[in-house]
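Trainee: I am new to this structure and would like a close look at one part of it. Please start with a single residue and work outwards from there.

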Amino acid sequence: MLKPSLQLKLGQQLTMTPQLQQAIRLLQLPALELQAHIRELLETNVMLEPLEEAEATGTFETLVTAAEQPKSAERAAESTVEVLDGWGEHSAGPAETAWNADDDEREKEYADSTGQSLQDHMLWQLELARLDARELAIARAIVDAVSDDGYLTESLEEIGQTLLPELECSNEEIASVLKRVQALDPAGVGARSVGECIELQLRQLDPATPGFETALCIALHHLELVAERELSLLRRELRATEEEIASALALVRSCHPRPGATVSAGSAEYVVPDVFVRRTEHGWGVEINPATLPRVRLNQSYASLIGRNASHASMRAQLQEARWLLKSLEIRHETLIKVARSIVERQTAFLEHGEEHMRPMILKDIAEAVTMHESTISRVTSGKYMHTPRGVFELRYFFSSHVEGADGSGTSSTAIRAKIRKLVKDEDPEAPLSDGRIAELLSAEGIPVARRTVAKYREAMGIGPSNERRRTGPKQM
């Protein structure tokens, strides 16, 4: 028989405080999202105020205790990479702050100049065409069925169904209007297949163009042979000379396989580097991008007015949130500097000599170097970019697996890819290297890799096998 009883149980539970949750969230935000988040907080928390350009001479607040400062100095002395810290020395002018009044002008500067989709471009042309109301309605339905690449994605029957019950159209009538749509810019739009797309573009050429008829025949009936590079079989099928085939293929390859992409190309995405790496007289220096530093501080005027009575409870809560934010931003800055410096220390050979000298490195290596958890390193390297003399790279780019070498040392998979790319680039076009031969050459350099590993890396870089490279020559890399 069950009886009610009381039991005492002792346990421990780890709870994430709101301060820790905020610090983790800010640590993971990329530079642009962080600036947008700070802007929102400036509008909602009266205890925060932007740091004006003339006043940007100090840090947020002195948030590092005296006991922590000697440790930081010791770590900096042990490091071979100099920290060019601009946390409190750079002022944020109008071109740098994310909440500046000049935002509208900057958005206009980087905005897409057209802002027009392929459908908008086609509809604008239809408005200028001499179509009656019925034809215009059919043409609009056809344009709605055109993908961003410029291809018709629905059959004539399906387009006819979308016009019901307002219009009842036959397939012949829709096909007639489709020809009008296919005459619009860009050339090849409204095609139902790649062959038809190329045919539409070729028919805009002068019929007297050398190889014109052969190119049309290839586009309509023999694109598979071109894709498989069966040029000898193609020549026999068309009963054409080698010169005619070469001229026809030149015309076919000059056509755009995705004509819609020339109009509806997405707007450029800009990357703002979080860290700058450059040479100094002592070696390499790491510096946080001053343009990404949030210039914000505590509003001392409001903070000094807060009393202890109950009516100021909400103000005290905002003051506490403001202080948590400033502390979290300071932690984010210090963590990013530590991780970036540790990465540069391990990848100095890459910075000086290139990809072939990339060292294998995993999150655990950096976590142990900066005495943090791997999850923290994962957050701080996600969506953060480093500007180096060799280009702008995401911090995650520097992490790669390793292949055990013959001498016991490891080689980065990134370095192996670079070596494969170089071998293919320098190979004899008449006798390209096979995957097995590339594996042998790498093994001779002390990098034992299997043929299937070479094939995997080669395919990931978009490099064709040796038989394709023999027919087409090496790709531009």
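**A charged residue and what lies beyond**

Mentor: E199 counts as buried, because its relative accessible area is 15% and the cut-off for buried is under 20%. Bear in mind that the model is a predicted one. The partner of E199 is R203: the two form a salt bridge in which the closest N and O atoms are 3.0 Å apart. This pair belongs to a wider set, since a search of the whole structure finds 15 salt bridges.

Another of them joins R134 and E173, whose side chains meet at 2.6 Å, N to O. That pair links distant parts of the chain, with R134 in helix 6 and E173 in helix 8 (residues 171-182), 39 residues apart. R134 is partly exposed, with a relative accessible area of 32%. E173 is also partly exposed, at 24%. Neither value is under 20% or over 50%, so both residues fall into the class in between.

R346 and E345 form a salt bridge too, and here the closest N and O atoms are 4.0 Å apart. R346 counts as partly exposed at 22% relative accessibility, and E345 counts as partly exposed at 27%. Salt bridges can also be linked to one another: E356, K419, K422 and E445 form such a network.

Now go back to helix 6 (residues 133-144), where D144 is found. D144 is exposed, because its relative accessible area of 63% is over 50%. On the surface, D144 gathers with E154, E157 and E158 in a patch of negative charge. A surface patch of another kind is nonpolar: V46, Y302 and L305 make one of about 290 Å². V46 sits in the loop between helix 2 and strand 1 (48-50) and is partly exposed, with a relative accessible area of 36%.

Helix 2 (31-44) leads to another loop, the one between helix 1 (18-28) and helix 2, where P30 lies. P30 is partly exposed, at 23% relative accessible area. Its C-alpha atom is separated by 5.3 Å from that of G383, although P30 and G383 are 353 residues apart along the chain.

From G383, turn to strand 6, which covers residues 385-388. In a regular strand the side chains alternate between the two faces of the sheet. Strand 6 has a covered face with M386 and T388, and an uncovered one with Y385 and H387. Strand 3 (residues 275-280) runs parallel to strand 6, and 2 bridges join them. In this pairing, F276 has H387 of strand 6 as its bridge partner. Strand 7 (residues 391-394) runs antiparallel to strand 6, and 4 bridges join those two. The bridge partner of T388 in strand 7 is G391, while H387 stands opposite V392. Strand 6 passes into strand 7 by a hairpin of 2 residues.

Last come some details of the backbone. Most residues other than glycine have a negative phi, and most peptide bonds are trans. The peptide bond from L164 to P165 is cis, with omega near 0°. P165 is found in the loop between helix 7 (156-163) and helix 8. D185 and P186 are likewise joined by a cis peptide bond, with omega about 5°. P186 is in the loop between helix 8 and helix 9 (194-202). Helix 8, which holds E173 of the salt bridge described above, therefore has a loop with a cis bond to a proline on either side.

As for phi, R239 is not a glycine but has a positive value of about 55°. R239 lies in the loop between helix 12 (231-238) and helix 13 (242-253), and is exposed, with a relative accessible area of 79%. T371, also a residue other than glycine, has a positive phi near 55°. T371 lies in the loop between helix 17 (363-369) and helix 18 (374-381), and counts as exposed at 72% relative accessibility.

How values were computed: Residues are numbered from 1 along each chain as its sequence is written. This is a predicted model: local features need pLDDT of at least 70, side-chain atom pairs count only at pLDDT 80 or more; totals for chains, interfaces and linings use all residues. Side-chain values use heavy atoms; hydrogens and water are left out. Buried means under 20% relative accessible area, exposed over 50%, partly exposed in between (1.4 Å probe, protein chains only). Helices (H or I, at least four residues) and strands (E, at least two) are DSSP runs, numbered from the N terminus. Two strands pair if DSSP finds at least two bridges between them. Patches are made of residues with over 30% relative accessible area and no salt bridge: like charges are joined within 9 Å, nonpolar side chains (Val, Leu, Ile, Met, Phe, Trp, Tyr) within 5 Å. Accessible areas come from the Shrake-Rupley method with a 1.4 Å probe; for residues, only the protein chains shown count as cover. Lys and Arg count as positive and Asp and Glu as negative; His and the chain ends are not counted. The place of a charge is taken as NZ of Lys, CZ of Arg, CG of Asp or CD of Glu.
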